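Student: Can you take me through one part of this predicted model up close, and then show me how it ties in with the rest? I'd like one connected story rather than a list.

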Amino acid sequence: MSPKSVFYKANSIIYFQGDIGDKVFILNAGKVSLNYEDIETGQEIHDLVKTGEFFGVKSALGRFRREETAVVLADSTVVAFSVPEFEQLVGKHGRVVLKMLKVFSNQLRRIQKQVQNLIHAEEHINPEKGLFSIGEYYLSNKAYDQAIYAFKRYLVYYPSGSRASDAIKNIETAESYLNRYGQGKGPDAAPQAAQPAPAGKPQETKQLSDVAQTYYKAVSLISQEKYDDAYNEFKAIVNSSNDEEYISKSQYEMGRCLFYVKKYDNCIRLFTTWIQKYPKHPDVKDALYFIASSHNAMNNGDKAISIFKKVLALTPETESLYQKARKALRKLEGEKV
Amino acid sequence: MSSFDQMFQRFSKGFPKGSIIFCEYEPGDNFYLIQSGRVKIVKIIGNIEKTLDILNPGEIFGEMAILEEAPRSATAIAMDRVQALEFNRANFEILMRGNPQIALKLMKLFIKRIYDQKRRFMILTLDDTQAKVADVFLMLAEKELPADRENDTIEFKATVDDIAHWAGIQPAECRNVINHFSQQHRVELYNDRIVIRNINDFDRFVKSRRKSKE
């Protein structure tokens, strides 16, 4: 079977709205109009098909009823394709598909807007609250990995959001439960709810959340690629805070910033001191990865290779760090040969 | 490794089993093509994690990010160790030009979404809640069965909350309508499914409501 050229006389119909059809058409010569009612206004619309243009694509590919009636206004020749024939044809022509994709994405954007306008305001959940509630859901279901992800994302997007300090506490809870009991296990964790803090030691909690807030604000600067600003924020934490946890985390992030701004010497120096200071920190292998990558960037191939090997020895194969280090190592060793 | 994989390897990203690829409500600017492993698309509805879809290698997800940077409407979780190509609006055209087959796949996804949204629009523009709920039944029937079915009774795995969501009404209101239909013996409501006694009866009902609007 190959695509068939079909002749239609003026005033005939190629297909009716509501028909089930599996053919895609292209207008070779003549005049064809697609008639349908606008779903918003009910107004009857007549769209003329241009020569060389496809029609009937959506209903044939999506396997639903024709959404318009194709009326022949003057004697016309069209080519009819089955869906596989059509796919074969456009599958070879990236430009054609791209053009159609743009038409459909515009249609989709338009209809989505129309639907959004109809849905009542109360159905719209504020994304900030929504993201937080996803974290709460996973935390109370002991899916700590997922909870940590959601709360960390919350802090990236809403570093000074109304629930930022709750998100930090929830991450801490999730991390400690994950370490102590493992994913899916442990006592029921009550996520930090929006209640006022108990009257116990308000001063202390506030100080902690200040450091944490600055920290996550700076983390979000990194994700916006504002490395210099982020570096300064982290440095301020290191200089002024007495919270060892945030000092170690911040120094680590400073090293990352140095790497991204290509100050490789400084990056190596900082991470080397950091590893000596916190040899048991869970991020040591990541720090080594940055040291190795810095050597690599400075063309110290041998040093890079030996440190990448160390990273591999320390990292479980399932982690993406392992894949990254292995890839870098292979590339380096390939260059040497 | 195929030449296609080689060409796009620099966009490839690994996700450990169980990890979140993106999370509902998070702003989205990437979309993905699965190379290996399965991805579960879930949504938290009324404190239950509902699986909307399970996707296999070769399938695309997160594609709405191409259109706009709206918050994600669902969460994507790696069911196995997943390797996926990560794209954004900037490198999207390179991908599509280099591989029309993916563009075609994406085009079909868009076509399906346009249809679903149009159908949703038709439901939402009905005036009364009874007609809205009835039209949701019709929409579900259209999805599940061939157009010319012989049996008038159909059953779908949907809850009152699902129906309310599609009809754009409150769950309590939706329950009232379904209870009313149930008293008339037109539907049977169970915990996990709804049985429609005579779908053609609802078809006539919705058509008459739509006509009276015109």
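Tutor: Let's start with chain B, whose secondary structure comes to 7 helices and 11 strands. Keep in mind that everything here is a predicted model. Chain B has 214 residues, and 36% of them are buried. If you take its contacts between residues at least 6 apart in sequence, 68% join residues at least 24 apart. As for confidence, the mean pLDDT of chain B is 86, with 92% of its residues at 70 or more. Confidence in this chain bottoms out in helix 1 (residues 3–8), where the mean is 65, and peaks in strand 7 (residues 75–78), at 96. Where pLDDT is low, the predicted coordinates should not be read in detail. So go easy on helix 1 of chain B, given its mean of 65.

Now the part I'd zoom in on: the place where chain B meets chain A. For the complex, the predictor gives an ipTM of 0.81 and a pTM of 0.64. The contact draws 44 residues from chain B and 45 residues from chain A. On the chain B side, helix 2 (89–98) and helix 3 each put in at least two residues. Helix 3 of chain B supplies the largest share of that side, 19 residues. Sorted by class, the chain B side has 23 nonpolar, 9 polar and 12 charged residues.

What does helix 3 of chain B meet across the contact? Its partner here is helix 3 of chain A. The one in chain A covers residues 94–118, the one in chain B residues 100–124, and their axes come within 9 Å and cross at roughly 25°. An angle under 35 degrees counts as roughly parallel, so helix 3 of chain A runs roughly parallel to helix 3 of chain B. The crossing is left-handed. The residues in this helix-to-helix contact split into 19 nonpolar, 6 polar and 3 charged.

With that pair in view, step over to chain A as a whole. Chain A has 13 helices and 6 strands. Of its 337 residues, 34% count as buried, and 60% of its contacts with a separation of 6 or more are between residues 24 or more positions apart.

Chain A also has a helix pair of its own to set beside the one across the chains. Helix 5 (residues 144–157) and helix 6 of chain A have axes that come within 9 Å and cross at roughly 155°. Angles over 145 degrees count as roughly antiparallel, and these two helices are therefore roughly antiparallel to each other. Their crossing is left-handed. Residues making the contact include A:Ile148, A:Phe151 and A:Lys152 from helix 5 and A:Ile168, A:Ile171 and A:Ala174 from helix 6. By class, the residues of this contact come to 13 nonpolar, 1 polar and 2 charged.

A:Ile171 is a good residue to park on. It lies in helix 6 (residues 164–180) of chain A, and it is buried, because 24 other C-beta atoms lie within 10 Å. Leaving out residues up to four places away in sequence, A:Ile171 touches A:Ile148, A:Phe151 and A:Lys152. A:Gly135 sits 36 residues from A:Ile171 in sequence, yet their C-alpha atoms are 9.2 Å apart.

Further along chain A, A:Ile268 sits in helix 10 (residues 264–277). A:Ile268 is buried too, because 23 other C-beta atoms lie within 10 Å. Not counting residues up to four places away in sequence, A:Ile268 touches A:Ile291 and A:Ser294. From A:Ile268 to A:Ser294 is 26 residues along the chain and 6.8 Å between C-alpha atoms.

Finally, two backbone spots to check, one in each chain. Most residues other than glycine have a negative phi. A:Lys142, not a glycine, has a positive phi of about 65°. A:Lys142 lies in the loop between helix 4 (127–140) and helix 5 of chain A, and it is buried, because 20 other C-beta atoms lie within 10 Å. Back in chain B, B:His185 also has a positive phi, near 60°. B:His185 is in the loop between helix 6 (171–183) and strand 10 (187–189) of chain B. Is B:His185 buried or exposed? It is exposed, because just 9 other C-beta atoms lie within 10 Å.

Definitions and conventions: Residues numbered from 1 in each chain as written. Chains lettered and ligands numbered in written order. Predicted model: local features only at pLDDT ≥ 70, side-chain atom pairs only at ≥ 80, totals over all residues. Axes fitted to C-alpha atoms, helices over the stretch in contact; angles between N-to-C directions. Helix = DSSP H or I, 4+ residues; strand = E, 2+ residues; numbered from the N terminus. Parallel < 35°, antiparallel > 145°, perpendicular 65-115°, else oblique. Left-handed = near helix turned anticlockwise from the far one by under 90°. Nonpolar A, V, L, I, M, F, W, Y, C, P; charged D, E, K, R; others polar. pLDDT = per-residue confidence, 0-100. Contact = placed C-beta atoms within 7 Å. Buried ≥ 20, exposed ≤ 12 C-beta atoms within 10 Å, placed from the backbone.
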